[in-house]
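Got the viewer open? Let's take a walk through this one, a selection at a time.

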Amino acid sequence: MILHGTMEINEKANLEIGGCEVTKIAEEYGTPLYILDEKEIRDNCRAYRQAFEEWYPKSETIYASKAFMSMTMCRIIEEEGLGLDVVSGGELHTALEANFPVNKIYFHGNNKTPEELEMALEAGIGRIVVDNNYELDLLNSIAGERDEVVDILIRVTPGVEAHTHSYIQTGQTDSKFGVGIQNGLALETIKRAVNLDNLSVKGIHCHIGSQIFNLESFGLAVDVMLDFVETVKDEVDLVMEELNLGGGIGIKYTEEDLTVDIEEYAKIVSNAIEEKCEELGIPLPKVINEPGRSIIGTAGSTIYTVGSIKAIPDIRKYVAVDGGMPDNIRPALYEAEYEAIIANKADQSPDEVVSITGKCCESGDMLIWDIELPKLESGDILLVSCTGAYGYSMANNYNSLPKPGVVLVNDGQVEEVIRSETYEDLVAKEEIPKRLKSN
Ligand SMILES: Cc1ncc(COP(=O)(O)O)c(C=O)c1O
Ligand SMILES: N[C@@H](CCCC[NH3+])C(=O)O
């Protein structure tokens, strides 16, 4: 397995993260459990900041909190000088509870409710990224009632197809997000927006997809977006000053994946912008990038205890762990692949091919198909790496499994930042109608 961040194998053949022995964490906090490597989160934030400071200083990096949201994460993100992308009232609430600076919050989403928009205006957040005409009118009327002029970006689809799983492509014209540049809808939306009294269009936003390795796709998106900035200037006499290029940088989940160099990404984006702006004779825009996965993905792992082991002769050996698709739905949803290591036998060489399955009543509840590992035994602690992004944030309670908690490790210290759910939590929101109550 690739050892990400501060992972190390100690002299007792135990895996350590942030100087903490994984088996000890399992003993103290139980399994399944998510472990976050604080140094790796901070290093990933710094990689973006340093790369953009070098290649395109007129920029801002904001963390896409849908990848993993918590108040602790907000505090780390703020300390590292990044802004925040939220996509719901819930994410916004979490950010506000964590005292995240409101002017550095961007509000995304293709169907924000009136209540969510009201909440965002009440908080005074930095930018609302308007997705469609319905939202444009809604926001304008809410802002009007409040007697405010709200700064917005318009989400557009540049028609660039990123090479990634079809479920996580978002830049093509046939998408539920944004308005198309190629079919003229984006221009129509902007023409409409500039005539609304309570909105001020500051720029455009696109997000072409997620887990992308081909950096050229970002260069292509820049070209299309800046051509559109030029069109808007000519047609509407509006010079848009902000270009939000979304997130989407891929991470190396397994040996088969490529590695993306953040500096290379910053360089490609900045070269594309500078060349295009020079060609069009337009001023350099402020650039915003919105990484999620590449900030938190490699910093997170999930630990499980191995339970039943079932060998089907000549077919497959299933090794079951005490979590599964409720804490990591990505294999079922996107056929996502992961690596794993036995934390208590971290120095052993692979010995057999097994498939790691969860404990749900669902055949698709698989974490890893056909992985080579040392011989597994019941009671072993298995660590699946790179689960930091879209793991906890997409977790659910299928089969009434309580959601695992999250611990933060750093410099030999383990801190519980989200406690594991209990059985009591599972029924806490329920109310049995009086007539059905037992005596
Ligand atoms: C609007 C927007 N910005 C940023 C992101 C973050 O993407 P990623 O986690 O791939 O960096 C997403 C999710 O894909 C998104 O929808
Ligand atoms: N949740 C997805 C990515 C979608 C990101 C949101 N636009 C994943 O796990 O890969």
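Start by selecting Cys361. This is a predicted model, and in it Cys361 counts as exposed because it has just 8 C-beta neighbours inside 10 Å, where exposed takes 12 or fewer. Follow the backbone either way and you'll see that Cys361 sits in the loop between strand 17 (352-357) and strand 18 (366-373). Why pick it? UniProt, in an unreviewed entry, lists Cys361 under "active site".

Next, select Lys66. The unreviewed UniProt entry puts the feature "modified residue: N6-(pyridoxal phosphate)lysine" here. Is Lys66 buried or exposed? Lys66 is buried, because 22 other C-beta atoms lie within 10 Å and the cut-off for buried is 20 or more. Lys66 is also a loop residue, found between strand 5 (59-64) and helix 3 (71-79). Now show what it touches: setting aside neighbours within four places in sequence, Lys66 is in contact with Val87, Glu91, Gly292 and Ser393.

Keep Gly292 on screen and bring up ligand 1. Gly292 is one of the closest residues to ligand 1, along with Ala64, Ser210, Gly247 and Arg293. In total, 17 residues surround the ligand. Colour that shell by class and you should get five nonpolar, eight polar and four charged residues.

Now go to helix 5, residues 114-123. Which of its residues are buried? Select Glu116, Leu117 and Ala120. Look down the axis: these three are on the same side of helix 5, because they cover an arc of only 100°. To see what covers them, turn on helix 4 (89-97), strand 7 (105-107), strand 8 (127-130) and helix 6 (133-145), which are among the covering elements. Then flip to the face turned away from the buried side, where the exposed residues Pro114, Glu115 and Glu122 are carried. Just past the end of helix 5, click Gly124: its phi is positive, near 75°.

Zoom out and colour by domain. Domain 1 comes in two pieces, 8-37 and 297-427, while domain 2 covers 108-291. The C-alpha centres of these domains are 36 Å apart.

Last stop: Glu431, in the segment that follows helix 12 (423-427). Glu431 counts as exposed because it has 7 C-beta neighbours inside 10 Å. Draw a C-alpha to C-alpha distance from Glu431 to Arg46 and you'll get 47 Å, for a pair 385 residues apart in sequence.

Terms used. Residues numbered from 1 in each chain as written. Chains lettered and ligands numbered in written order. Predicted model: local features only at pLDDT ≥ 70, side-chain atom pairs only at ≥ 80, totals over all residues. Helix = DSSP H or I, 4+ residues; strand = E, 2+ residues; numbered from the N terminus. Domains from an automatic or database assignment. Arc of directions from axis to C-beta. Contact = placed C-beta atoms within 7 Å. Near = placed C-beta within 6 Å. Nonpolar A, V, L, I, M, F, W, Y, C, P; charged D, E, K, R; others polar. UniProt positions renumbered as here; feature names shortened; annotations may be inferred.
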